[in-house]
Amino acid sequence: MAVMTIRNIDDALKARLRVRAAMHGRSMEDEARDILRSALSSEVPRPRDLGRAIYERFAALGGVDLPDVPREPGREPPDFEA
């Protein structure tokens, strides 16, 4: 088992931990372990990328067929030699 030391805890936070531990009938160390265990027991959801989120939100509505838009050739590039 690993040993962990936590420094610079606010006095008010330490007092709340002491009260919570007493309410549960255990030591402050046991209470801190239980808090860490419960906070870290759930799996962290993976972040989704924006494109995937948009697709999933609107996929049920179906796609849209857009007409082809005729394109014109681009302009000639500027001549800087003149």
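Is Asp-34 buried, partly exposed or exposed? Select Asp-34 and show the surface. Asp-34 is partly exposed, because its relative accessible area is 25%, and the partly exposed class begins where the buried class, under 20%, ends. Keep in mind throughout the tour that this is a predicted model.

**Stop 1: around Asp-34**

Now add Arg-37 to the selection. Asp-34 and Arg-37 form a salt bridge, and their closest N and O atoms are 3.6 Å apart. Both residues belong to helix H2, where they sit 3 residues apart, about one turn of the helix. Arg-37 has a relative accessibility of 51%, so it counts as exposed.

Extend the selection to Arg-20, Arg-26 and Glu-31. Together with Asp-34 and Arg-37, these residues are linked in a network of salt bridges. Zoom in on one link of the network, the salt bridge between Arg-26 and Glu-31, where the closest N and O atoms are 2.6 Å apart. Which class does Glu-31 fall into, buried or exposed? Glu-31 counts as buried, because its relative accessibility is 0%. Its partner Arg-26 is partly exposed, with a relative accessible area of 30%.

**Stop 2: another pair in H2**

Select Arg-33 and Glu-29. Their side chains meet in a salt bridge, at 2.9 Å from N to O. Both lie in helix H2, 4 residues apart, which is again described as about one turn of the helix. Arg-33 is partly exposed at 38% relative accessible area, while Glu-29 is exposed at 56%. The count of salt bridges in the model comes to 6.

**Stop 3: where H1 meets H2**

Show residues 11–24, helix H1, as a cartoon beside H2, residues 28–40. Two packed helices are described by the angle between their axes and the distance between the axes. For H1 and H2, the angle is about 95° and the axes are 8 Å apart. H1 is therefore roughly perpendicular to H2, because angles from 65 to 115 degrees are placed in that class. To see the contact itself, select Lys-14, Leu-17, Arg-18, Arg-20, Ala-21 and His-24 on the H1 side. On the H2 side, select Met-28, Glu-31, Ala-32 and Ile-35. Glu-31 has thus turned up at two stops, once in the salt-bridge network and once in this helix contact.

**Stop 4: a nonpolar patch**

Switch to a surface view and select Met-4, Ile-6, Ile-9, Leu-13, Leu-36 and Leu-40. These residues form a nonpolar patch on the surface, with about 630 Å² of accessible area together. Leu-36, one of its members, is found in helix H2. Leu-36 is partly exposed, because its relative accessible area is 40%.

**Stop 5: the segment before H1**

Select Asn-8, which has its place in the segment before H1. What is notable about the phi of Asn-8? Phi is near 60° here, a positive value in a residue other than glycine. Most residues other than glycine have a negative phi. Asn-8 is also exposed, with a relative accessible area of 79%.

**Stop 6: across to H3**

Finish at Ile-54, in helix H3, residues 50–58. With a relative accessibility of 45%, Ile-54 counts as partly exposed. Draw a distance between the C-alpha atoms of Ile-54 and Leu-17: the separation is 43 Å, for residues 37 apart along the chain. Leu-17 was among the H1 residues in the contact with H2.

Note on methods: Residues are numbered from 1 along each chain as its sequence is written. This is a predicted model: local features need pLDDT of at least 70, side-chain atom pairs count only at pLDDT 80 or more; totals for chains, interfaces and linings use all residues. Side-chain values use heavy atoms; hydrogens and water are left out. Patches are made of residues with over 30% relative accessible area and no salt bridge: like charges are joined within 9 Å, nonpolar side chains (Val, Leu, Ile, Met, Phe, Trp, Tyr) within 5 Å. Accessible areas come from the Shrake-Rupley method with a 1.4 Å probe; for residues, only the protein chains shown count as cover. A salt bridge is a side-chain nitrogen of Lys or Arg within 4 Å of a carboxyl oxygen of Asp or Glu. Buried means under 20% relative accessible area, exposed over 50%, partly exposed in between (1.4 Å probe, protein chains only). Axes are lines fitted to C-alpha atoms, for helices over the stretch in contact, and angles run from 0 to 180 degrees between N-to-C directions. Angles under 35 degrees count as roughly parallel, over 145 as roughly antiparallel, 65 to 115 as roughly perpendicular and the rest as oblique. Contact means heavy atoms within 4.5 Å.
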